[in-house]
Amino acid sequence: MNATAQAFAEKSPLVVISGAPGIKERRRNPLLHHKVKDFDTQQKVFEHVTVDSVILDDSDTAISNIERVLSSARRFSRPIYIELPRDMVSAQTPALIRNREVDVQRSFKPFDDGGARAEAKPEEQYKTDLYSMKEALEEATTMINSSIHPVIVAGVEIHRFGLQDKLLQLIDKTNIPVVSTVLSKSTISEDHPSYLGVYEGAMGFQPVREYVESSDCLILLGALMTDINFSISPTPIEQSRSIYVTSEKLSIRHHNFENVFLNEFLVSLIETPLGKRAPVSIEKLDDKSGSNPYHTSYQHFVAEKNQKITVKRLFERLNSSVTNNTIVIADVGDSLFGALDLTIHGQTEFLSPAYYLSMGFAIPAAIGAQLANPILRPIVIVGDGAFQMTGMEVSTIIRFSLNPIIIVLNNKGYGTERPMLDGPFNDILAWNYSQIPGLMDHGKGFVIETEDQLEESLYAAENIHSNELCILDIRLDIHDGSPALQRLTEVLGRKVQ
Ligand SMILES: Cc1ncc(C[n+]2csc(CCOP(=O)(O)OP(=O)(O)O)c2C)c(N)n1
Ligand SMILES: [Mg+2]
């Protein structure tokens with residue numbers, strides 16, 4: 001349920017397929033095992049975290065209903081729910097009719113996307129309104145061409161709706177610089193010359209924040225307006241300087257345009273007469289913030305013998321393990337904050353639940369990511385607290401012969417919480433993470449206390465144990481934290497008090 005809620009909040013098109021008692025078993029409403037309340041309770045619960053759902057209780061309509069819900073998942077890039085009573089598994093359906101018109105809207109339930117689209121609308125209202133589009137384009141073109149330093153904020157919908165190539169076309173045509181959000185990190189390769197960095201409000205790299213927040217024309221493409229993405233900043237983004245388009249709405253300054261959506265708007269924008277500018281770069285070697293991901297220590301790590309490992313040094317070293325053949329998966333906590341400073345070379349090679357922020361994402365996500373793309377080796381960065389929630393999925397990892405490198409940030413508990421409010425509730429049982437491969441009789445575990453042990457272990461994980469699961473237990477000081485975490489907890493701590 002929580003995973004589905006996370007997918008809903010972060011616009012991931014998840015398909016939940018759920019078994020149910022057979023239709024014939026339901027007569028006289030018996031107390032069957034697994035039943036919560038009524039036979040439709042499960043569907044009703046899931047309706048709150050899905051955009052469409054169906055119980056396949058009629059073989060005549062089953063196919064069209066499946067097509068409809070799958071189509072809803074694609075349109076809204078959000079989860080759907082399919083329930084299959086057990087005596088319908090082998091039911092015969094009428095022959096499949098191809099190219100059927102799918103009524104996406106038929107069972108679409110209203111949801112509130114932070115005010116974006118609080119009401120369900122009939123399907124035709126999701127078709128682009130050409131008049132609205134024409135006016136929007138005129139206004140957007142004038143605003144962009146007359147601006148002094150525009151910047152594109154590439155949001156997570158660029159990835160969810162497969163619009164990366166279109167984004168690149170817009171950037172190449174205009175030379176407008178681009179940032180990602182925390183949730184959309186690596187939507188564009190971080191080596192792209194027009195890429196400035198991740199915009200993270202107050203916890204981010206200062207020159208990127210200053211560039212974005214002083215822009216006179218922010219082009220927000222498919223970004224979720226979340227606190228983590230945007231507002232934890234002394235000078236947040238202003239609507240009066242923004243073009244804000246998603247798969248559900250478009251506004252330019254304070255004007256709202258009906259029925260103009262991200263994909264069509266982006267395509268049209270590429271075709272409009274937008275001027276080409278001189279390329280922009282920001283001063284990447286400035287290290288005022290103390291956490292500059294472009295600083296030389298990030299590029300050329302040299303391990304110091306017997307030097308106790310710290311979070312900052314760990315990520316500096318990890319940066320050189322991130323290549324075109326890896327995908328970085330970061331769990332919630334300092335795993336995410338530290339990982340934001342890694343440079344991701346490929347497109348969509350960084351995954352993290354950076355909005356809903358539910359702990360326990362990374363280990364199961366590694367299974368999905370590697371099965372979906374076996375070429376990429378996952379580098380999984382996970383806190384000890386998060387690992388204790390879902391870490392047993394390493395068993396599935398081994399069963400499917402997957403080979404992620406799992407970096408456990410072992411700081412004896414909920415490190416992210418300690419600076420805000422500390423107490424015994426932040427402590428967890430100390431596990432010996434490096435012995436898990438031994439327990440499962442597969443893979444290799446390492447204990448890391450110092451920089452040189454980190455260097456040796458990563459070398460072994462990458463060269464000697466490259467085909468198997470590796471778990472690195474990074475023994476950190478209990479109060480250590482990334483520079484980004486220190487800034488974030490300072491802001492949040494003030495709010496909690
Ligand atoms: C399921 C869930 N429960 C609680 C939280 C609140 N929370 C955010 S970070 C955190 C601590 C995470 O601990 P750990 O995984 O060890 O990472 P660390 O903070 O130590 O880096 C908690 C409890 C959450 N985000 N998700
Ligand atoms: Mg921890």
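**Exercise 1. Work out how many residues helix 17 has and how its reach compares with the expected span.**

Start with the ends: in this predicted model, helix 17 covers residues 451–463, which makes 13 residues. Next, go from the first C-alpha to the last, and you get 18 Å. At 1.5 Å a residue you'd expect 18 Å, so the helix comes out close to that figure.

**Exercise 2. Find which residues of helix 17 are buried, and explain why they sit on the same side.**

First, pick out the buried ones, counting a residue as buried if 20 or more other C-beta atoms lie within 10 Å of its own. That gives you Glu-451, Leu-454, Ser-457, Leu-458 and Ala-461. Now look down the axis: these residues cover an arc of only 125°, which puts them on the same side of helix 17. The spacing rule helps here: an α-helix has 3.6 residues a turn, so residues three or four places apart point the same way. Finally, flip the helix over. On the face turned away from the buried side you'll meet Tyr-459 and Asn-463, both exposed.

**Exercise 3. What do the buried residues of helix 17 pack against?**

Go through the neighbours. One is a helix, namely helix 11 (311–318). The others are strands: strand 14 (405–410), strand 15 (444–448) and strand 16 (470–475).

**Exercise 4. Sort out how strand 16 pairs with strand 14 and strand 15, and say whether the strands run parallel or antiparallel.**

Take strand 14 to begin with: 6 bridges join it to strand 16, and the two run parallel. Then take strand 15, which also pairs with strand 16 in the parallel sense, over 5 bridges. For a landmark, zoom in on Leu-472 in strand 16. Ile-407 has Leu-472 as its bridge partner, and Phe-446 stands opposite Leu-472 as well. Last, check how covered the strand is: 5 of the 6 residues of strand 16 are buried.

**Exercise 5. Describe the shell around ligand 1: which residues come nearest, and which helix gives the most?**

Begin with the nearest of the 17 residues around the ligand: Gly-333, Gly-383, Gly-385, Gly-415 and Thr-416. Then ask which helices chip in. Helix 12 (334–339) and helix 14 (384–390) each supply at least two residues, and helix 14 gives the most, with 3. To finish, sort the shell by character: 6 residues are nonpolar, 8 polar and 3 charged.

**Exercise 6. Zoom out: how many helices and strands does the protein chain have?**

Count the elements and you get 18 helices and 16 strands. As for burial, 42% of the 497 residues count as buried.

Key: Residues are numbered from 1 along each chain as its sequence is written. Chains are lettered from A and ligands numbered from 1 in the order in which they are written. This is a predicted model: local features need pLDDT of at least 70, side-chain atom pairs count only at pLDDT 80 or more; totals for chains, interfaces and linings use all residues. Helices (H or I, at least four residues) and strands (E, at least two) are DSSP runs, numbered from the N terminus. A residue is buried if 20 or more other C-beta atoms lie within 10 Å of its own, exposed if 12 or fewer, and partly exposed in between; C-beta atoms are placed from the backbone. The arc is that of the directions from the helix axis to the C-beta atoms. Two residues are in contact if their C-beta atoms, placed from the backbone, lie within 7 Å. A residue is near a molecule or strand if its C-beta atom, placed from the backbone, lies within 6 Å of it. Ala, Val, Leu, Ile, Met, Phe, Trp, Tyr, Cys and Pro count as nonpolar, Asp, Glu, Lys and Arg as charged, and the others, Gly among them, as polar. Two strands pair if DSSP finds at least two bridges between them.
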